[in-house]
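Dear colleague,

I am handing over the structure below, and after it you will find my notes on what turned up when I went through it. Please read them with the coordinates open beside you.

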Amino acid sequence: MRSTSLTLLALVVGAAAAVVDYSSACSGFTPTGIPNVELTNPPTYFHSNAVVDISNAYSSINESTLPAFCRVELTITTNTTAGSTALAEVWLPDNWNGRMLTVGNGGISGGVTVTELGHVAVPQGFAGVSTNTGHNGTTNEGAWAGPGNDNAIVDWGWRAMHMTVIAGKEVIKQYYLTPAKKSYYLSCSNGGRQGLKEVQEFPDDFDGVVVGSPANWWTHVQSWSIHMNLNVQPSTSPHFMMEDTWKNLIASEVLKQCDALDGLADGIVSDPRNCKFQPETLLCSSGQNVSTCLTEDQVSALRNIYSDYYEGNEYVFAGYYPGGEADYYHGLVGKTQFKIGRSFFQYMVINDTDWKIHDYNASVLALVDEINPGQGNAASPNITAFVGPQHNGKLIHYVGYADQLISPGNSIHYFESGGYGANAFGAVEQASNSNPPLSNDPEHNILSAIVRWVEEGIAPENFTAAYYIDNDVANGVGFTRPLCKYPSALKYKSGDNSSADSFECVLD
Ligand SMILES: *[C@@H]1O[C@H](CO)[C@@H](O)[C@H](O)[C@H]1NC(C)=O
Ligand SMILES: *[C@@H]1O[C@H](CO)[C@@H](O)[C@H](O)[C@H]1NC(C)=O
Ligand SMILES: *[C@@H]1O[C@H](CO)[C@@H](O)[C@H](O)[C@H]1NC(C)=O
Ligand SMILES: *[C@@H]1O[C@H](CO)[C@@H](O)[C@H](O)[C@H]1NC(C)=O
Ligand SMILES: *[C@@H]1O[C@H](CO)[C@@H](O)[C@H](O)[C@H]1NC(C)=O
Ligand SMILES: *[C@@H]1O[C@H](CO)[C@@H](O)[C@H](O)[C@H]1NC(C)=O
Ligand SMILES: *[C@@H]1O[C@H](CO)[C@@H](O)[C@H](O)[C@H]1NC(C)=O
Ligand SMILES: *[C@@H]1O[C@H](CO)[C@@H](O)[C@H](O)[C@H]1NC(C)=O
Ligand SMILES: *[C@@H]1O[C@H](CO)[C@@H](O)[C@H](O)[C@H]1NC(C)=O
């Protein structure tokens, strides 16, 4: 009897809450009194399953499966003297879970990350927040930076993100008439850098942060990217290796040396830290057909590619890990020059649009570290203000061992590739690329895991990730695997090799 009336009461409260007409609330919404912030356009209301077809220079979405939400577009003046601006958006779902989720940006891109607002934030009930970082542009192109456009560079480095988070919190409070109870962040790569910069400089902005393969030591990762290019470039040189050589010859030798160390020869190098790949075994013997072996020059290039890189005595960055060979050609050691690194040096460091990667020399590392464009490095190890008792923030940091752009050794010293491991666990660029988490519970969805850690104090031990056949959910699940908490590593126990239950996380 008692429980029946409680249930009824809850229904009445629920009905009262549902009276809000979000459609009119949205179209009449004008945030007020937020310094340096104004509406770019009147807010737009999207009914559930309406066509959401939005694109900018960096990100796009075209879906008709989203729940109802209000799209608020903001222009933030980042420096009133200079009149510099950043664009930002806040997507406010009717069915709000009471939380804010900010997402980051890839490379040196300029564009609100609409794809993650639509594929991650809104469907899970978060009010989603994102910035264009102060300029419009693609992931690779640096011409917006001038040279000499200091305000845009600082906006990219940290300012646009911080101001957007402040604005986002205020917009949410004014729209729902109550502040978000918690503030979260989820991103990878340059977006990982942005998240760590926030944790280090503005510890109160977020309660829970998830960063993947962060490009946080930006000056060093870009120096390293040029060095990695130079290990094989130009493609006419004797140390260049063709895509087929990477995919077939080198990949199979790596698997031969490294795959079974975790107890299962399944084509996935689960713990590459334990495998010191020896490329010498591929060296041509006299008379051998060169399409089945490598020359001295190529072997020597590989030794560099898999080694930590030093400039003199100074540590620059970790080398590639064995296991990602099928992708590495499309990363830093293929025919194509890595445009993010080159643009960065051309427009923000050397200030010479004709600068070429072959102009790179030993003095460039000291120069870039001294300039630290836009104060973009997020390498301070002191995150006490964020994780300490006063703020009690939580941080989950993941890496892909087969990352072809940012060596995972960086994360161990202090992304996101499709790849062939289990790579769907609710992080950014997964749901938007047909790799959604198996479910939204904290074991399968890293965003739910950080929420539970922040709000219930239960820290995740591991995740169960899925690999969909050909990286597409439409083809069904190929296998599931645990993602282990560093420094433990994945080992095969026994049983069905496509099930996460057959594996364990062990300390070596
Ligand atoms: C979005 O999808 C619809 C339906 O598939 C299509 O007609 C439209 O051209 C797409 N928009 C863009 C910008 O590609
Ligand atoms: C704002 O821009 C002006 C003009 O470019 C510049 O002199 C000033 O240092 C900038 N202020 C900040 C805080 O970046
Ligand atoms: C970015 O593009 C928008 C139009 O979509 C424009 O209003 C804004 O001024 C641009 N920002 C910069 C920094 O050029
Ligand atoms: C290149 O331009 C940027 C932005 O104005 C500046 O910070 C940097 O010091 C310049 N580099 C050199 C070598 O002068
Ligand atoms: C996984 O198990 C299947 C079925 O038992 C077997 O055919 C396959 O060879 C196994 N794969 C590996 C890598 O052991
Ligand atoms: C070398 O191997 C390739 C690929 O297997 C083959 O097409 C080619 O004919 C061989 N060359 C010689 C000289 O045997
Ligand atoms: C090294 O590169 C810098 C920047 O491009 C250039 O100014 C300098 O002259 C170069 N040094 C040498 C020794 O080539
Ligand atoms: C680390 O940061 C905390 C909080 O900001 C500060 O009190 C402390 O002095 C810093 N520690 C070091 C070693 O710099
Ligand atoms: C994952 O963590 C849970 C909870 O601590 C534990 O029961 C389970 O054994 C762990 N799984 C692996 C593969 O280590």
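The side chains of histidine 444 and aspartate 441 are joined by a polar contact of 2.8 Å, and a further polar contact, of 3.4 Å, links the side chain of histidine 444 to that of serine 439. Please bear in mind that this is a predicted model, and that every distance quoted here is computed from its atoms.

As for its setting, histidine 444 lies in the loop that runs between helix H13 (409–413) and helix H14 (446–456). Despite that loop position, histidine 444 counts as buried, because its relative accessible area is 14% and the cut-off for that class is under 20%. If residues up to four places away in sequence are set aside, histidine 444 touches Phe425, Gly426, Pro437, Leu438, Ser439 and Thr464. One of these, glycine 426, is 18 residues from histidine 444 in sequence, while their C-alpha atoms are 7.0 Å apart in space.

The second site I looked at is serine 225, which sits in helix H6, spanning residues 218–232. With a relative accessible area of 1%, serine 225 is also buried. Its side chain reaches the backbone oxygen of glutamine 222 at 2.8 Å, and, once neighbours within four places in sequence are left out, the residues in contact with serine 225 are Leu332, Phe338 and Gly341.

Turning to the chain as a whole, its secondary structure comprises 14 helices and 17 strands. For 508 residues, a compact globule would be expected to have a radius of gyration near 23 Å, and the chain, at 24 Å, agrees with that expectation. Taken along the principal axes, the box filled by the C-alpha atoms is roughly 85 × 60 × 45 Å.

On the surface side, 55% of the 508 residues count as buried, and the accessible surface of the chain amounts to about 21200 Å², with 51% of that area belonging to carbon and sulfur atoms. The chain carries 25 positive and 51 negative charges, and the mean positions of the two sets are 5 Å apart.

With best wishes,
A colleague

Definitions and conventions: Residues numbered from 1 in each chain as written. Chains lettered and ligands numbered in written order. Predicted model: local features only at pLDDT ≥ 70, side-chain atom pairs only at ≥ 80, totals over all residues. Heavy atoms only, no water. Helix = DSSP H or I, 4+ residues; strand = E, 2+ residues; numbered from the N terminus. Buried < 20%, exposed > 50% of the residue type's maximum accessible area, 1.4 Å probe, protein only. Polar contact = N/O pair within 3.5 Å; in protein donor to acceptor, adjacent residues only side chain to side chain. Contact = heavy atoms within 4.5 Å. Rg over C-alpha atoms; globule rule 2.2 N^0.38 Å. Areas by Shrake-Rupley, 256 points an atom, 1.4 Å probe, with all protein chains shown as cover. Lys, Arg positive; Asp, Glu negative; His and termini not counted. Charge placed at Lys NZ, Arg CZ, Asp CG, Glu CD.
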